[in-house]
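Welcome! Take a moment to look over the sequence and the model before reading on.

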Amino acid sequence: MCEVPPCLTASLSPYQVIHWNSPKKLRVKNKHVEFFRNLYLTFLEYDGNLLRRELFGCPSEADVNSENLQKQLSELDEDDLCYEFRRERFTVHRTHLYFLHYEYEPAADNTDVTLVAQLSMDRLQMLEAICKHWEGPISLALYLSDAEAQQFLRYAQGSEVLMSRHNVGYHIVYKEGQFYPVNLLRNVAMKHVSTPYMFLSDIDFLPMYGLYEYLRKSVIQLDLANTKKAMIVPAFETLRYRLSFPKSKAELLSMLDMGTLFTFRYHVWTKGHAPTNFAKWRTATTPYRVEWEADFEPYVVVRRDCPEYDRRFVGFGWNKVAHIMELDAQEYEFIVLPNAYMIHMPHAPSFDITKFRSNKQYRICLKTLKEEFQQDMSRRYGFAALKYLTAENNS
């Protein structure tokens, strides 16, 4: 190591760093390497919520909405068996918008459509496939811990497919609480859509090739700009992890007949998509209208000004059903697109659906939240909303 010339010492601060370069530098042993490496790894595992709550408190200017939320939270009964469900609605999550570079100008013809979805770390593998199937803009809300956000960053930077796309907005919502805030995530993704229309999808679906352009043409054909319509993209599923994706409706119908594909949730929850009327879709060549029915939860294309998702529904159950019900209450027409389709890809069950199936209290609380939502609908929409209670009782 060379010494610092005496002429320089007078002008230097007490804190001095000397850098040297040598072909042998990689063979140098440094007893501090492991120490600092462990510090770095520990830092990666830190929970930013701990910093926010315990260390600094993050004082902020008084906010009316925040004060109202705090008031509503204080009014909750902590002895209520569904307290934890109710509390989630008032949780304020740290959010990092546009986590990666985003650059996109909507098409000038006002027909542009953004695919909207949400995901957690266990669905990350779907991103590349969706980008290959959908060339238009995408708005994604990712529910991650601080450490998972760094893992996602490394994953994205190592992917040629993701790095080649600048029209995908990644919005990180940091983990807090014990439930997956599915509708909060959807709302975050929706709020940061810059196109006139949104395709409200889920991350485990692959849209058909060319769906983006087909939807833009359908927006004009059905005059979505001046009417309240929700265009339905029929949903199918495969039980096979390897699928030769159908490149046309005719090919999809052939795979349905052979049992390679099924209408979505055909085996476990037929009511969710039955009103789509798949029998009619098989031969349809023009869009057709369908009526709302209890438990209907199709995937739709709507204008950007559509209602938000209701935040009281977390984890598994009724999160999309409630949204479709509100669209119907606001007199949206449901129009099925004859040449559109999307396919659900198989994956391991989520943690929340496992809790729903195994925990009786979870199911009781979901039923309670449903009833309260329907009562709120009656207050908001009056006599017209009574049909939802009748339909629920008859279903």
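This report walks through a sheet, the helices beside it, a loop residue and the cysteines.

**The sheet**

Please keep in mind that this is a predicted model. A good place to begin is an open sheet of nine strands, whose pairing is mixed. Reading across the sheet, the strands come in the order 1-4-3-2-5-11-7-12-10. Which strands stand at the edges? They are strand 1 (95-96) and strand 10 (288-290). Each has a single partner strand, so one side of each is left without a neighbour in the sheet.

Now look at one pair in more detail. Strand 3 (residues 138-144) and strand 4 (residues 168-174) are joined by seven bridges and run in the parallel sense. Within this pair, Ile 138 has Val 168 of strand 4 standing opposite. In general, strands of a sheet pair through backbone hydrogen bonds, and the pairing may be parallel or antiparallel.

**Helices across the strands**

Two helices lie across this part of the sheet, and the table sets them side by side.

| Helix | Strands it lies across | Angle to strand 3 |
|---|---|---|
| Helix 6 (residues 126-133) | strand 2 (113-120), strand 3 and strand 4 | about 175° |
| Helix 7 (residues 146-157) | strand 3 and strand 4 | about 135° |

**A residue in a loop**

Next, find the loop between strand 5 (197-200) and strand 6 (205-207), where Ser 201 lies. Is Ser 201 buried or exposed? With a relative accessible area of 7%, Ser 201 falls under the 20% cut-off, so Ser 201 counts as buried. What is Ser 201 in contact with, once its neighbours within four places in sequence are left aside? The contacts are Leu 115, Val 116, Ala 117, Tyr 299 and Met 342.

**The cysteines**

How many disulfides does the model have? The count comes to one. It is formed by Cys 82 and Cys 365, with their sulfur atoms 2.1 Å apart. This pair links distant parts of the chain, as the two cysteines are 283 residues apart. Cys 82 sits in the loop between helix 4 (64-74) and helix 5 (83-88), while Cys 365 belongs to helix 15 (residues 360-381). The link of Cys 82 and Cys 365 is left-handed, with -95° about the S-S bond. Both Cys 82 and Cys 365 are buried. As a general point, a disulfide is a covalent bond between the sulfur atoms of two cysteines.

Two further cysteines can be looked up in the model. Cys 131 is buried, with a relative accessible area of 9%. Cys 306 is also buried, and its relative accessible area is 7%.

Methods
Residues are numbered from 1 along each chain as its sequence is written. This is a predicted model: local features need pLDDT of at least 70, side-chain atom pairs count only at pLDDT 80 or more; totals for chains, interfaces and linings use all residues. Side-chain values use heavy atoms; hydrogens and water are left out. Two strands pair if DSSP finds at least two bridges between them. Helices (H or I, at least four residues) and strands (E, at least two) are DSSP runs, numbered from the N terminus. Contact means heavy atoms within 4.5 Å. Axes are lines fitted to C-alpha atoms, for helices over the stretch in contact, and angles run from 0 to 180 degrees between N-to-C directions. Buried means under 20% relative accessible area, exposed over 50%, partly exposed in between (1.4 Å probe, protein chains only). A disulfide is a pair of cysteine sulfur atoms within 2.5 Å.
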